[in-house]
Amino acid sequence: MLLLFVLGLGACNDDLAQPPVTIPEGGIGTGEWNSPAGVYQVLNGYDNPDLSLLGCWVRGYIVGTVNTSEETGYILKDETADFTVPTSVNSNLMLAATPDEKDWRNCITIQISGKVRDALNLAGNPDNLGKEVCILGSLGEKYFGAYALKNSSDFKWGKEGVEPDPLMIPPYGSQKIWYKELKNNTEAFTFDQGNPSTAGFETWKYSDQYGIVATGGKSGSAKITDAVAVSEEISLVGLKQPRLLVHSAANYFSNTEGFLKMCQTLVREVGSDTWTQVELPIPPAGNSWDFSNSGFASLDAFAGKKIQIGFRYTSTKDFSGTWEIDIVTVTGVPAN
């Protein structure tokens, strides 16, 4: 009886045992820099909302491009999947879990731009075909008719991404409260042009290429200016740990110190005339047209209030740089 009981127990345990978990080729991950999401996950619509402000990393092998036209239609399929080089396509990539993949159904598409496009595109870098890479961008959206990685902003060869600067990590639980892409938004900011020394001179202007732009130069010479770009009302009511992130470029200030001497980031409570200066953790270099993020500046003094953001630009008759701002983001953590 004891023997039968033991045998029966063993049989029951076998019946209850879980089947082994099969990890898809290419692996799985959270989307963090040291745990990139795999191609299989992206194909099935994976996203990590906790990384919405940082972006998700995806790992795979560069296997080709999507070559579309009006005749073929702008979706990924047999007629548009191109696994060969040379190619003329430099705006996208296909990534797969293995370097020798030739079935587009097992591939994800990557929208590439900026420095990522310069370094990774197969039109200019055909030797990249078959290489393993991690790319940072946004997930959960479709591109060429399938889930993809869009808005790529960084990359690293190999199995892991780039560890983020601590200054670029917002408080846990942060959400986007106010997000403006200024290249196509002419209502987020109004301009107090201050006291330009030349009648009719506008220091701050909108640009569909660069966002909002301030310069004190006119007709090859510098002008005395002191002007502020003022945001619309932003509500921080019900929020704690608010933060400000500015994506901008600044040139002709010589260096960062020159930029900080001439330009400031300001915040005020709605209804007040008093501005408070806010320190950007990572100010622009001051001598480059390359756009960069400022890091998350603290707005804790304004938690629970309604605010406006101001970008103050000054110049003299001897010195004028250019400040371009294309994205402004305010984040916060729900207080309850």
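Trp 157 makes a good starting point: at 36% relative accessibility, this residue counts as partly exposed. The model you are looking at is predicted, and this briefing is a friendly tour of its aromatic rings. In total, the structure holds 13 aromatic pairs.

**Around Trp 157**
- Trp 157 pairs with Phe 155, and the two ring centres are 5.9 Å apart.
- The planes of these two rings stand at 80 degrees, so the pair is edge-to-face.
- Phe 155 is buried, with a relative accessible area of 19%, whereas Trp 157 is partly exposed at 36%.
- Trp 157 also has a charged neighbour: Lys 131 lies over the face of the ring, at 5.2 Å from its centre.

**The pair of Phe 191 and Tyr 206**
- The rings of Phe 191 and Tyr 206 have centres 5.2 Å apart and planes at 40 degrees, so this pair is tilted.
- Distant parts of the chain are linked here, as Phe 191 belongs to strand E8 (residues 189-192) and Tyr 206 to strand E9 (residues 204-207), with the two residues 15 apart.
- Phe 191 is partly exposed, with a relative accessible area of 26%.
- Tyr 206 counts as partly exposed too, at 26% relative accessibility.

**A cluster of rings**
- Phe 191 and Tyr 206 are also members of a cluster linked by ring pairs.
- The other members of this cluster are Trp 178, Phe 189, Trp 204, Phe 253, Phe 259, Phe 311, Tyr 313, Phe 319 and Trp 323.

**Another charge over a ring**
- Lys 142 has its charged end over the ring of Tyr 147, 5.1 Å from the ring centre.

Terms used: Residues are numbered from 1 along each chain as its sequence is written. This is a predicted model: local features need pLDDT of at least 70, side-chain atom pairs count only at pLDDT 80 or more; totals for chains, interfaces and linings use all residues. Side-chain values use heavy atoms; hydrogens and water are left out. Rings of Phe, Tyr and Trp (its six-membered ring) pair if their centres lie within 6.5 Å; planes under 30 degrees apart count as stacked, over 60 as edge-to-face and the rest as tilted. Buried means under 20% relative accessible area, exposed over 50%, partly exposed in between (1.4 Å probe, protein chains only). Helices (H or I, at least four residues) and strands (E, at least two) are DSSP runs, numbered from the N terminus. A charge sits over a ring if NZ of Lys or CZ of Arg is within 6 Å of the ring centre and within 35 degrees of the ring normal.
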